[in-house]
Amino acid sequence: MSTGPEPLDVSVYVRPAQLVEPIDSKIETVRQLESDEMIQSASVHAWPDKIVLSERTPYTGVIDAFREMEAWADDHDVSIQPPFDVRTTTSSFTGERRTILRTPVICLTVYAGGQLSNVFPHSRGEERYSVTDAIAALRTDSMDMFSLEPTQPGQLPDRCRACDELLTNVQGIGVCPECDRIEHGLGARRKGLRRQPPP
């Protein structure tokens, strides 16, 4: 078992159509880490390459997982876009606007004591941290090299970081009318955010 202060649980998200080498080998390595008791648990979840962000979607579990990852990235002043991509499109026939989330081929999340503690891939400035980096750290019990302290809460930005639209301030939370992104201010933490059951 990991010698860290909290037991580690790992979730891997993949597109089923992409389950070929080297994706398969990454999944097998994570499962082997669980068998070797280097991590407490491992789970694998499939997601589509594109999801319409709406209340009628059958992928609410995936959207909840993405929102949790997005909140973690905001709290720690890192980026998960790319590999995630959120875009708003307008139909030339109906005029209907849709916000679409494009998922990465593979994504790995690490929970420590039930709290989301890291997401791979992610970037901070020019530094990029991949799923391969995460697996290597898990294998050598050195996930602490990726430990990130939450940034201090900052002022709510005026514009959406995804589409640059002006934000509407709703009780201290910025809501983008264009792409529905929620901004909390740089490093503003979501209190009590606990691990949800996997989708």
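This briefing walks through the sheets, a helix and the salt bridges of the structure above. Please keep in mind that the model is predicted. Two open sheets come up below: one has 4 strands in the order β2-β1-β6-β7, and another has 3 strands in the order β3-β5-β4. Helix α2 packs on the sheet of 4 strands, touching β1, β6 and β7. A search of the whole structure also turns up 4 salt bridges, and three of them are described here, including the pair R67 and E70.

**The four-stranded sheet**

- Let's start with the strand order, which is β2-β1-β6-β7 in an open sheet with mixed pairing.
- At the edges stand β2 (41-46) and β7, each of which pairs on one side only.
- From one strand to the next, the twist averages 20 degrees.
- As a general reminder, strands of a sheet pair through backbone hydrogen bonds, either parallel or antiparallel.

**Strand β6 and its neighbours**

- Strand β6 covers residues 106-112, and 6 of its 7 residues are buried, so the strand is largely enclosed by the rest of the structure.
- On one side, β6 is joined by 7 bridges to strand β1 (residues 8-14), and the two run antiparallel.
- If you would like to trace this pairing by eye, V10 has V110 in β6 as its bridge partner, while Y13 is partnered by C107.
- Strand β7 (residues 115-120) is also antiparallel to β6, with 5 bridges between them.
- Within that pairing, T109 stands opposite V119 of β7.
- The hairpin of β6 and β7 has 2 residues between the strands, and G113 takes a positive phi there, near 60 degrees.

**Helix α2 on the sheet**

- The direction of α2 makes about 90 degrees with that of β7, and the helix touches β1, β6 and β7.
- Is the helix mostly enclosed or open to the outside? Of its 16 residues, 12 are buried, so α2 is largely enclosed by the rest of the structure.
- Among the buried residues are V62, I63, F66, M69 and W72, together with the acidic residues E68, E70, D74 and D75.
- The length of α2 fits a simple check: at 1.5 Å a residue, its 16 residues should span 22 Å, and the end C-alpha atoms are indeed 22 Å apart.
- Just after α2 comes D77, with a positive phi near 55 degrees.

**E70, a buried acidic residue**

- E70 belongs to helix α2 (residues 60-75).
- Its relative accessibility is 5%, so E70 counts as buried, the cut-off being under 20%.
- Which residues does E70 contact, leaving aside its neighbours within four places in sequence? They are I80, Q81 and R181.
- E70 also takes part in a salt bridge with R67, where the closest N and O atoms are 3.2 Å apart.
- These two residues are 3 apart in α2, so about one helical turn separates R67 from E70.
- R67 is partly exposed, with a relative accessible area of 22%, whereas E70 is buried at 5%.

**Other salt bridges**

- The side chains of E28 and R31 meet in a salt bridge, at 3.5 Å from N to O.
- Both residues lie in helix α1 (residues 23-35), 3 residues apart, which is about one turn of the helix.
- E28 is partly exposed at 47% relative accessible area, and R31 is partly exposed too, at 41%.
- R87 and D85 form another salt bridge, with their closest N and O atoms 2.5 Å apart.
- In that pair, R87 is exposed at 54% relative accessible area, while D85 is partly exposed at 24%.

**The three-stranded sheet**

- This open sheet has the order β3-β5-β4, and its pairing is antiparallel.
- Strands β3 (50-52) and β4 (85-90) are at the edges with a single partner strand each, so one side of each is left without a neighbour in the sheet.
- The twist here averages 30 degrees from one strand to the next.
- β4 is joined by 6 bridges to the antiparallel strand β5 (residues 97-102).
- A handy pair to look up is V86 and its bridge partner in β5, L101.

Notes. Residues numbered from 1 in each chain as written. Predicted model: local features only at pLDDT ≥ 70, side-chain atom pairs only at ≥ 80, totals over all residues. Heavy atoms only, no water. Buried < 20%, exposed > 50% of the residue type's maximum accessible area, 1.4 Å probe, protein only. Pairing = 2+ DSSP bridges. Contact = heavy atoms within 4.5 Å. Axes fitted to C-alpha atoms, helices over the stretch in contact; angles between N-to-C directions. Expected span 1.5 Å × (residues − 1).
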